[in-house]
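Please look over the sequence and the structure below. The report then takes up strands, rings, charges and a helix in turn.

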Amino acid sequence: MSNVSAGFRLVRAGWVLVREGVVAALPGEELSGLPKFGWRMARLFTRRRALAYERSDRLAKAVVRLGPSYVKLGQFLATRPDVVGNDMALDLATLQDKMHTFPRAEAIEAIEASLGRKIGDLYTQFGDPVAAASIAQVHAADAVHDGIATKVAVKVIRPGVRRRFFQDLESYFLAARLQEKYIPSSRRLRPVEVTQTLAQTTKIEMDLRLEAAALSELGESTRDDPGFRVPSVDWERTGRDVLTMEWVDGVKMNDIAGLEAAGHDLKAIAANLIQSFLRHTLRDGFFHADMHPGNLFVEANGTIVAVDLGIAGRLGKKERRFLAEILYGFITRDYLRVAEVHFEAGYVPRQHNVAAFAQAIRAIGEPIHGQPAETISMAKLLTLLFEVTELFDMATRPELILLQKTMVVVEGVARTLDPAFNMWKTAEPVVGDWISGNLGPRGMMIDVRDGARALLTLARQVPELAARTDRLSREIDLMAEHGLRFDETTADAIGKAEARYSRWALWVIALTLVYIAWKLI
């Protein structure tokens, strides 16, 4: 029955997309056969007034009609141009996570339930909402710390959002399974795995304790960084449904006129933003993955303060080395080394030819050389790189796609502040320092040290591994002698699966008979 209800919700979502003109805005003239017929039918059912809007506006209206969980889905897919295409990803990136506020009384109820204390014991003053998004809204409040009253920002989960999201999530999984089954070419993109990633990231985003932990971690790693910080967390007033943090006084980075009026050096802010992002990515392997200008404030002294850390990205040491060697290879025009890195990392299947892949990489790199540095976009370079890797069956790497999306956003913000922004010159101190420290002699010594630790850990586990091997050998001997046997739990699970399949088949038969009877009448 859950599949049936998910199917109905999926049909409703499709109908809304049709009525709001989203399907009609797709390049249907390039289609043929049944898909083109469906596109033409969608145009017939599109609202007339929707035809007057741009595609991004149609998409925004459709998503707002579908509700908060579809806003979150749209924002997530904006990070996956490999799945939805670059044009659609750009349209989805324009979705504003701005929803209607919910009543202050409901926010107070959620806070008291989460923290187990009365609102008056937590805050001396609790104001109306100042901003609302798909998952939560923010209130201004006052709290007492060490006898001193301070202004704080209180983020509260939207009532009922978890139940609504997990209902819609069933529809997302159904769509992903159908896509994998009937569109073989899409299997490389792993739509079910993409949906699982959405489910996991949103679960994390809906537990505000985890966002608080991310703020705390990023705050520690950037404590000594010049010109960048995140708000401090009030752990006493933070729970699953509520996050209390320092109130930030500053100018939003999308307010260019406000920044200029405050006397800020926009070029210096742009450089600081890029260098901070690359420092977090390469040095720490942990970065703010939602750095749009609405989440960035500039304080009076020029310090950038990043808020809303519901989405964070992580890169392992291998991925960081991969990124640094790619950038360095493009700078030095060593395309063969760039190709070799892909194969060494296991990103491109071994059946492909390294030299042929290097040739494809050269097609990206050569047009860059000879251009003015300020016109070369690092984000565009990575986008082109992932498009080429698709030709060589490179499997989707979610962590790299999230990095690419964040870099596109951050570089776009920097160019808004400084139209003549030179990405490569600005990035050189950070990237060069990381390369010298991790790919040179010092990096080799670190690798040797890490390898020695790994060998020591393995040596400690040898007795346990030997015991496991002995048990496995005895189990194999028993299976060879007596055959494969199921325990009661496994047999019961198989029985339940068969029963579910039978019930589903009965529903299909029943609905078919009803349809036939209706047609006969």
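The sections below walk through selected contacts in this predicted model.

## A hairpin

Strand 1 covers residues 125-132, and strand 2 covers residues 136-145. The two run antiparallel and are joined by 5 bridges. The connection between strand 1 and strand 2 is a hairpin of 3 residues. One bridge can be picked out by name: alanine 132 has glutamine 137 in strand 2 as its partner.

In a regular strand, side chains alternate between the two faces of the sheet.

## An open sheet

Another group of strands forms an open sheet. There are 4 strands in the order 4-9-8-6, and the pairing is mixed. Strand 4 (228-229) and strand 6 (251-252) stand at the edges. Each has a single partner strand, so one side of each lacks a neighbour in the sheet.

What joins strand 4 to strand 9? The link is made by 2 bridges, and the two strands run parallel. Phenylalanine 228 stands opposite isoleucine 304 in strand 9.

## Aromatic rings

A pair of aromatic rings is described by the distance of the centres and the angle of the planes. The count here comes to 7 aromatic pairs. One of them is phenylalanine 165 with phenylalanine 166, in an edge-to-face arrangement. Their centres are 5.6 Å apart, with 75 degrees between the planes. Buried or exposed: which word fits phenylalanine 165? Its relative accessibility is 2%, so phenylalanine 165 counts as buried. Phenylalanine 166 has 31% and therefore counts as partly exposed.

Phenylalanine 165 also pairs with tyrosine 172. This pair is edge-to-face as well, at 6.4 Å centre to centre and 70 degrees between the planes. Phenylalanine 165 and tyrosine 172 are both buried. Ring pairs link Tyr70, Phe165, Phe166 and Tyr172 into a cluster.

A ring can also meet a charge. The charged end of lysine 151 sits over the ring of tryptophan 247. The distance to the ring centre is 4.2 Å.

## Salt bridges

Side chains of opposite charge can pair when their charged atoms come close. The structure holds 21 salt bridges. One of them joins aspartate 308 to lysine 155, with the closest N and O atoms 3.1 Å apart. This pair links distant parts of the chain, 153 residues apart. Aspartate 308 lies in the loop between strand 9 (304-306) and strand 10 (312-314), while lysine 155 lies in strand 3 (residues 148-157). Lysine 155 has a relative accessibility of 12%, so it counts as buried. Aspartate 308 is at 25% and counts as partly exposed.

A second salt bridge joins aspartate 168 to arginine 164. Here too the closest N and O atoms are 3.1 Å apart. Why are these residues about one helical turn apart? Both lie in helix 9 (residues 161-182), and aspartate 168 and arginine 164 are separated by about one turn because they are 4 residues apart. An α-helix has 3.6 residues a turn, so residues three or four places apart point the same way. Aspartate 168 counts as buried at 4% relative accessibility. Arginine 164 counts as partly exposed at 30%.

A third salt bridge brings together the side chains of arginine 337 and glutamate 344, at 2.8 Å from N to O. Arginine 337 is partly exposed, with a relative accessible area of 23%. Glutamate 344 is exposed, at 53%. Elsewhere, salt bridges that share partners join Arg117, Asp234, Glu236 and Arg237 into one network.

## Helix 16: two sides

Helix 16 (residues 354-365) has 12 residues. At 1.5 Å a residue, helix 16 should span 16 Å. Its end C-alpha atoms are 16 Å apart, which agrees.

Which residues of helix 16 are buried? They are Phe357, Ala358, Ala360, Ile361, Ile364 and Gly365. Seen down the axis of helix 16, the buried residues fall within an arc of 160 degrees, so they line one face of the helix. Gln359 and Ala363 are exposed on the other side of helix 16.

Technical notes:
Residues are numbered from 1 along each chain as its sequence is written. This is a predicted model: local features need pLDDT of at least 70, side-chain atom pairs count only at pLDDT 80 or more; totals for chains, interfaces and linings use all residues. Side-chain values use heavy atoms; hydrogens and water are left out. Two strands pair if DSSP finds at least two bridges between them. Rings of Phe, Tyr and Trp (its six-membered ring) pair if their centres lie within 6.5 Å; planes under 30 degrees apart count as stacked, over 60 as edge-to-face and the rest as tilted. Buried means under 20% relative accessible area, exposed over 50%, partly exposed in between (1.4 Å probe, protein chains only). A charge sits over a ring if NZ of Lys or CZ of Arg is within 6 Å of the ring centre and within 35 degrees of the ring normal. A salt bridge is a side-chain nitrogen of Lys or Arg within 4 Å of a carboxyl oxygen of Asp or Glu. The expected span of a helix is 1.5 Å times one less than its number of residues. The arc is that of the directions from the helix axis to the C-beta atoms.
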